[in-house]
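Here is a short report for someone meeting this structure for the first time. Please keep the sequence and the 3D view open while reading.

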Amino acid sequence: MAENFRVMFAGLAKDTDRAHAISQLATRLKAPTAKVAAFFENKPLFAPCEKEKALKQAKILASVGIKSKLAAVESSTGTSNSETSSQRDERIFNALDYITSSLIRIEEKLDDLEQRLPANQQQATADEDEDWQTDDILLDEELTTPIKKRSNILLFSLIAMVVILLVVLGLSFAFPDLLSV
């Protein structure tokens with residue numbers, strides 16, 4: 001089993017303001033500022049993960065002027081499982097909240113667009129939607145219409161042409177010296 005690591009707060013870089021670092025990190029991670037501020041009191045900001053991913057998280061923190069350290073985490077304890085599940089539940093609720101707010105914004109934009117359309121165009125689209133249901137396309141015509149007889153001259157000429165070409169091809173294979181003059 002791979003060992004998991006957690007990124008922990010170690011300090012601020014020289015010439016880095018705490019409030020500025022919190023706001024930059026919150027915007028970069030798209031996380032609430034309260035959660036980022038809690039990171040400065042040694043609360044976890046990221047879930048335990050593999051070493052490579054933890055190093056990437058540390059690089060993100062370093063880019064905004066936050067010094068961090070990696071701490072090994074045992075994943076077999078019961079408390080960490082409950083913390084992990086609560087963090088997972090929190091992430092799920094955050095994602096659902098984001099999706100819901102996005103759907104609400106899309107619905108509002110659609111309402112605005114509908115209000116901008118002229119009433120005549122709305123009536124025309126409503127009429128078009130209803131027209132397809134009232135058309136009796138197949139019911140007016142008889143379903144068993146007789147097939148019209150066509151002349152078979154074209155069919156017979158094509159068959160004759162294919163037969164002639166096959167005979168010429170067979171002769172060219174049978175007597176290859178005959179055609180090379």
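Lys30 is exposed in this predicted model. Its relative accessible area is 77%, and exposed means over 50%. Lys30 sits in the loop between α1 and α2. The backbone there has a particular feature: phi of Lys30 is positive, at about 55°, although the residue is not a glycine.

Asp15 also has a positive phi without being a glycine, with a value near 65°. Asp15 belongs to the loop between β1 and α1, the helix of residues 18-29. Asp15 counts as exposed because its relative accessibility is 78%, and the cut-off for exposed is over 50%.

**The chain as a whole**

The secondary structure comes to 7 helices and 2 strands. Along the sequence they follow the pattern β-α-α-α-β-α-α-α-α. The chain has 181 residues, and 15% of them count as buried.

**Aromatic contacts**

The structure holds 3 aromatic pairs. One of them joins Phe9 and Phe39. Phe9 lies in strand β1 (residues 4-12) and Phe39 in helix α2 (residues 33-39), so this pair ties together parts that are 30 residues apart in sequence. Another pair is made by Phe39 and Phe40. The table gives the geometry of these two pairs.

| Pair | Centre to centre | Angle between planes | Type |
|---|---|---|---|
| Phe9 and Phe39 | 6.0 Å | 75° | edge-to-face |
| Phe39 and Phe40 | 6.1 Å | 75° | edge-to-face |

Phe39 takes part in the pair with Phe9 and in the pair with Phe40. Phe9, Phe39 and Phe40 form one aromatic cluster. Are its members buried or exposed? Phe9 and Phe39 are buried. Phe40 is buried as well.

**The salt bridge**

Side chains of opposite charge can pair when their charged atoms come close. How many salt bridges does the structure hold? There is 1. Arg18 forms a salt bridge with Glu41, and their closest N and O atoms are 3.1 Å apart. Arg18 lies in helix α1, while Glu41 lies in the loop between α2 and α3 (51-63), so the pair ties together parts that are 23 residues apart in sequence. Arg18 is partly exposed, with a relative accessible area of 36%.

**Surface patches**

Turn next to helix α4, which covers residues 78-116. Tyr98 has its place in this helix, and so does Glu114. Each belongs to a surface patch of its own kind: Tyr98 to a nonpolar patch, Glu114 to a negative one.

Which residues make up the nonpolar patch? They are Ile92, Phe93, Leu96, Tyr98, Ile99, Leu103, Ile106, Leu110 and Leu113. Together they have about 950 Å² of accessible area. Tyr98 is exposed, with a relative accessible area of 56%.

The negative patch is formed by Glu107, Glu108, Asp111, Asp112 and Glu114. Glu114 is partly exposed, at a relative accessible area of 48%. That value falls short of the exposed class, because exposed means over 50%. Patch members need over 30% relative accessible area, and Glu114 has 48%.

Terms used
Residues are numbered from 1 along each chain as its sequence is written. This is a predicted model: local features need pLDDT of at least 70, side-chain atom pairs count only at pLDDT 80 or more; totals for chains, interfaces and linings use all residues. Side-chain values use heavy atoms; hydrogens and water are left out. Patches are made of residues with over 30% relative accessible area and no salt bridge: like charges are joined within 9 Å, nonpolar side chains (Val, Leu, Ile, Met, Phe, Trp, Tyr) within 5 Å. Accessible areas come from the Shrake-Rupley method with a 1.4 Å probe; for residues, only the protein chains shown count as cover. A salt bridge is a side-chain nitrogen of Lys or Arg within 4 Å of a carboxyl oxygen of Asp or Glu. Lys and Arg count as positive and Asp and Glu as negative; His and the chain ends are not counted. The place of a charge is taken as NZ of Lys, CZ of Arg, CG of Asp or CD of Glu. Helices (H or I, at least four residues) and strands (E, at least two) are DSSP runs, numbered from the N terminus. Buried means under 20% relative accessible area, exposed over 50%, partly exposed in between (1.4 Å probe, protein chains only). Rings of Phe, Tyr and Trp (its six-membered ring) pair if their centres lie within 6.5 Å; planes under 30 degrees apart count as stacked, over 60 as edge-to-face and the rest as tilted.
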